[in-house]
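Work through the exercises below with the sequence and the model at hand. Each task is followed by a solution in steps.

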Amino acid sequence: MTTNWRLIGISALFAAVLSASPAFAVDPEKSKDLADIQKQLERIQISLDRDLRELREDMEFTKKVRIPGLENDIRGLKQEMVRMADEIERLRTTSTSSRTAYYAGPSGPAGTIHLRNTYLTPITFLINDRPYELPSGGELTLNNQPAGEFTYEVIGVQPRLRRTLVANRTFYIDVFPR
(Lines give C-alpha, C1' and ligand atoms only; values in the text may rest on other atoms or scores of the structure.)
Protein backbone atom coordinates (compact mmCIF):
# COMPACT_ATOMS: atom_id res chain seq x y z
CA MET A 1 0.00 0.00 0.00
CA THR A 2 2.79 2.45 0.88
CA THR A 3 4.48 1.57 -2.43
CA ASN A 4 1.39 2.78 -4.32
CA TRP A 5 1.38 6.05 -2.36
CA ARG A 6 5.06 6.54 -3.08
CA LEU A 7 4.47 6.05 -6.80
CA ILE A 8 1.59 8.53 -6.73
CA GLY A 9 3.76 11.00 -4.81
CA ILE A 10 6.66 10.68 -7.24
CA SER A 11 4.30 11.03 -10.20
CA ALA A 12 2.79 14.16 -8.68
CA LEU A 13 6.25 15.56 -8.04
CA PHE A 14 7.30 15.08 -11.66
CA ALA A 15 4.01 16.51 -12.93
CA ALA A 16 4.46 19.57 -10.75
CA VAL A 17 8.04 20.09 -11.87
CA LEU A 18 7.20 19.69 -15.54
CA SER A 19 4.10 21.88 -15.40
CA ALA A 20 5.88 24.75 -13.68
CA SER A 21 7.32 27.18 -16.19
CA PRO A 22 10.00 29.69 -15.34
CA ALA A 23 8.67 33.17 -14.61
CA PHE A 24 10.68 36.10 -15.85
CA ALA A 25 8.51 38.83 -14.47
CA VAL A 26 6.92 39.00 -11.09
CA ASP A 27 3.28 38.28 -11.70
CA PRO A 28 1.32 38.17 -8.40
CA GLU A 29 -0.95 35.39 -9.61
CA LYS A 30 1.94 33.29 -10.93
CA SER A 31 3.95 33.79 -7.73
CA LYS A 32 0.90 32.57 -5.78
CA ASP A 33 0.73 29.49 -8.03
CA LEU A 34 4.45 28.93 -7.55
CA ALA A 35 4.06 29.23 -3.78
CA ASP A 36 1.23 26.67 -3.87
CA ILE A 37 3.32 24.34 -5.98
CA GLN A 38 6.26 24.85 -3.61
CA LYS A 39 4.05 23.96 -0.64
CA GLN A 40 2.78 20.86 -2.45
CA LEU A 41 6.34 19.85 -3.26
CA GLU A 42 7.36 20.28 0.38
CA ARG A 43 4.42 18.13 1.53
CA ILE A 44 5.33 15.48 -1.04
CA GLN A 45 8.96 15.60 0.08
CA ILE A 46 7.97 15.20 3.74
CA SER A 47 5.71 12.28 2.85
CA LEU A 48 8.43 10.65 0.77
CA ASP A 49 10.98 11.10 3.58
CA ARG A 50 8.58 9.53 6.10
CA ASP A 51 7.80 6.61 3.76
CA LEU A 52 11.49 6.06 3.08
CA ARG A 53 12.27 6.09 6.83
CA GLU A 54 9.48 3.55 7.49
CA LEU A 55 10.76 1.36 4.66
CA ARG A 56 14.29 1.45 6.12
CA GLU A 57 12.93 0.55 9.57
CA ASP A 58 10.96 -2.37 8.09
CA MET A 59 14.05 -3.62 6.26
CA GLU A 60 16.19 -3.35 9.41
CA PHE A 61 13.57 -5.25 11.43
CA THR A 62 13.45 -7.96 8.77
CA LYS A 63 17.26 -8.18 8.65
CA LYS A 64 17.81 -8.20 12.42
CA VAL A 65 14.76 -10.07 13.74
CA ARG A 66 12.76 -11.99 11.17
CA ILE A 67 15.55 -13.57 9.12
CA PRO A 68 17.69 -14.74 12.09
CA GLY A 69 14.55 -16.12 13.76
CA LEU A 70 13.68 -18.08 10.63
CA GLU A 71 17.27 -19.32 10.34
CA ASN A 72 17.13 -20.57 13.95
CA ASP A 73 13.81 -22.30 13.24
CA ILE A 74 15.26 -23.99 10.16
CA ARG A 75 18.37 -25.06 12.07
CA GLY A 76 16.20 -26.53 14.84
CA LEU A 77 14.04 -28.38 12.30
CA LYS A 78 17.15 -29.84 10.65
CA GLN A 79 18.45 -31.08 14.02
CA GLU A 80 15.05 -32.60 14.81
CA MET A 81 15.00 -34.36 11.43
CA VAL A 82 18.47 -35.83 12.07
CA ARG A 83 17.37 -37.00 15.52
CA MET A 84 14.20 -38.57 14.13
CA ALA A 85 16.15 -40.29 11.33
CA ASP A 86 18.54 -41.73 13.93
CA GLU A 87 15.60 -42.88 16.06
CA ILE A 88 13.91 -44.50 13.04
CA GLU A 89 17.13 -46.29 12.12
CA ARG A 90 17.61 -47.48 15.71
CA LEU A 91 14.03 -48.75 15.85
CA ARG A 92 14.44 -50.39 12.46
CA THR A 93 17.52 -52.31 13.62
CA THR A 94 16.00 -53.31 16.98
CA SER A 95 12.66 -54.26 15.47
CA THR A 96 14.34 -56.75 13.11
CA SER A 97 15.95 -58.64 15.96
CA SER A 98 12.92 -58.33 18.23
CA ARG A 99 10.53 -60.06 15.83
CA THR A 100 12.05 -63.47 16.44
CA ALA A 101 12.07 -62.95 20.20
CA TYR A 102 8.47 -61.72 20.14
CA TYR A 103 7.12 -64.74 18.30
CA ALA A 104 9.15 -67.21 20.35
CA GLY A 105 6.92 -66.87 23.44
CA PRO A 106 7.55 -68.66 26.72
CA SER A 107 7.73 -72.43 26.49
CA GLY A 108 8.19 -73.14 30.17
CA PRO A 109 8.02 -71.39 33.53
CA ALA A 110 7.43 -67.65 33.34
CA GLY A 111 7.94 -64.55 35.45
CA THR A 112 7.02 -60.88 35.29
CA ILE A 113 9.08 -57.81 34.45
CA HIS A 114 7.82 -54.50 35.82
CA LEU A 115 9.04 -51.23 34.20
CA ARG A 116 8.70 -47.80 35.82
CA ASN A 117 9.82 -44.37 34.51
CA THR A 118 10.18 -41.52 37.01
CA TYR A 119 12.12 -39.29 34.56
CA LEU A 120 10.51 -36.06 33.37
CA THR A 121 10.82 -37.27 29.77
CA PRO A 122 9.75 -40.43 27.93
CA ILE A 123 12.22 -43.34 28.22
CA THR A 124 12.69 -46.36 25.95
CA PHE A 125 13.46 -49.73 27.54
CA LEU A 126 14.86 -52.62 25.50
CA ILE A 127 13.89 -55.99 26.97
CA ASN A 128 15.49 -58.82 24.97
CA ASP A 129 15.96 -56.24 22.16
CA ARG A 130 12.27 -55.35 22.07
CA PRO A 131 11.55 -51.62 22.65
CA TYR A 132 9.01 -50.39 25.20
CA GLU A 133 8.55 -46.63 25.45
CA LEU A 134 7.13 -45.25 28.68
CA PRO A 135 6.03 -41.66 29.23
CA SER A 136 7.16 -39.74 32.28
CA GLY A 137 5.65 -41.38 35.37
CA GLY A 138 4.54 -44.40 33.31
CA GLU A 139 4.59 -48.04 34.41
CA LEU A 140 4.29 -51.25 32.42
CA THR A 141 4.03 -54.86 33.56
CA LEU A 142 5.25 -57.56 31.17
CA ASN A 143 3.58 -60.80 32.22
CA ASN A 144 4.47 -64.32 31.04
CA GLN A 145 8.10 -63.58 30.31
CA PRO A 146 10.23 -66.74 29.97
CA ALA A 147 12.11 -67.51 33.18
CA GLY A 148 15.87 -67.54 32.87
CA GLU A 149 18.46 -65.15 31.53
CA PHE A 150 17.31 -61.98 29.73
CA THR A 151 18.86 -58.65 28.69
CA TYR A 152 17.63 -55.17 29.27
CA GLU A 153 18.80 -51.68 28.42
CA VAL A 154 17.46 -48.22 29.17
CA ILE A 155 18.32 -46.09 26.13
CA GLY A 156 20.58 -43.20 27.10
CA VAL A 157 20.56 -44.14 30.81
CA GLN A 158 21.60 -47.76 31.45
CA PRO A 159 23.75 -49.89 29.12
CA ARG A 160 22.72 -53.45 28.26
CA LEU A 161 22.76 -55.81 31.25
CA ARG A 162 22.14 -59.55 31.60
CA ARG A 163 19.89 -60.62 34.46
CA THR A 164 17.98 -63.72 35.50
CA LEU A 165 14.19 -63.81 35.77
CA VAL A 166 13.01 -66.29 38.38
CA ALA A 167 9.81 -68.22 37.63
CA ASN A 168 6.69 -66.84 39.33
CA ARG A 169 8.60 -63.73 40.52
CA THR A 170 8.66 -60.08 39.41
CA PHE A 171 11.84 -58.32 38.30
CA TYR A 172 11.61 -54.53 38.76
CA ILE A 173 13.37 -52.02 36.52
CA ASP A 174 13.00 -48.46 37.81
CA VAL A 175 14.48 -45.43 36.03
CA PHE A 176 14.93 -42.27 38.05
CA PRO A 177 17.04 -39.09 37.72
CA ARG A 178 20.49 -39.35 39.27
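**Exercise 1. Strand pairing**

Find which residue stands opposite tyrosine 152, then place the two strands in their sheet.

Solution.
- Leucine 161, in S6, is the residue opposite tyrosine 152. The model is a predicted one.
- Tyrosine 152 falls within S5, which spans residues 148-154.
- Six bridges connect S5 and S6, and the sense is antiparallel.
- The sheet is open and has four strands, ordered S3-S2-S5-S6, with antiparallel pairing.
- At the edges are S3 (130-134) and S6, each of which pairs on one side only.
- From one strand to the next, the twist averages 25°.

**Exercise 2. A salt bridge between S5 and S6**

Determine which elements hold arginine 162 and glutamate 149, and say whether the two residues are buried or exposed.

Solution.
- The side chains of arginine 162 and glutamate 149 form a salt bridge, at 3.1 Å from N to O.
- Arginine 162 belongs to strand S6 (residues 158-165) and glutamate 149 to strand S5, so the pair ties together parts 13 residues apart in sequence.
- Both arginine 162 and glutamate 149 are exposed.

**Exercise 3. Two further arginines**

For arginine 116 and arginine 90, identify the salt-bridge partner of each, and classify the residues by relative accessibility.

Solution.
- Arginine 116 pairs with aspartate 174, and their closest N and O atoms are 2.9 Å apart.
- Since arginine 116 is in strand S1 (residues 110-117) and aspartate 174 in strand S7 (residues 170-175), this salt bridge ties together parts 58 residues apart in sequence.
- The class partly exposed runs between the buried limit, under 20%, and the exposed limit, over 50%. Arginine 116, at 30%, is therefore partly exposed, and so is aspartate 174, at 36%.
- Arginine 90 has glutamate 87 as its partner, with 2.5 Å between the closest N and O atoms.
- Both residues of this pair sit in helix H2 (residues 28-104), three residues apart, or about one turn of the helix.
- Arginine 90 is buried because its relative accessible area is 18%, whereas glutamate 87 is partly exposed at 25%.

**Exercise 4. The salt-bridge count**

How many salt bridges does the count give, and which residues are linked in a network?

Solution.
- The criterion is a side-chain nitrogen of Lys or Arg within 4 Å of a carboxyl oxygen of Asp or Glu.
- Under this criterion the count is ten salt bridges.
- Glu60, Lys63 and Lys64 are linked in a network of salt bridges.

**Exercise 5. The largest nonpolar core**

Name the residues that touch the most other members of the largest nonpolar core, and list the contacts of isoleucine 127.

Solution.
- This core has 14 residues, and the ones touching the most other members are Ile113, Leu115, Phe125, Ile127 and Ile173.
- At least two core residues come from each of S1, S2 (123-127), S3, S5 and S7.
- Leaving out residues up to four places away in sequence, isoleucine 127 touches Ile113, Leu115, Tyr132, Leu142, Phe150, Thr151, Tyr152 and Ile173.

**Exercise 6. The whole chain**

Describe the element order, the buried share and the accessible surface of the protein chain.

Solution.
- The chain contains two helices and seven strands, in the order α-α-β-β-β-β-β-β-β from the N terminus.
- Of its 178 residues, 20% are buried.
- Its accessible surface is about 13300 Å², and carbon and sulfur atoms account for 58% of that surface.
- Among contacts between residues at least 6 apart in sequence, 55% join residues at least 24 apart.

How values were computed:
Residues are numbered from 1 along each chain as its sequence is written. This is a predicted model: local features need pLDDT of at least 70, side-chain atom pairs count only at pLDDT 80 or more; totals for chains, interfaces and linings use all residues. Side-chain values use heavy atoms; hydrogens and water are left out. Buried means under 20% relative accessible area, exposed over 50%, partly exposed in between (1.4 Å probe, protein chains only). Contact means heavy atoms within 4.5 Å. Accessible areas come from the Shrake-Rupley method with a 1.4 Å probe; for residues, only the protein chains shown count as cover. Two strands pair if DSSP finds at least two bridges between them. Axes are lines fitted to C-alpha atoms, for helices over the stretch in contact, and angles run from 0 to 180 degrees between N-to-C directions. A nonpolar core is a set of buried Ala, Val, Leu, Ile, Met, Phe, Trp, Tyr and Cys residues joined through side-chain atoms within 4.5 Å.
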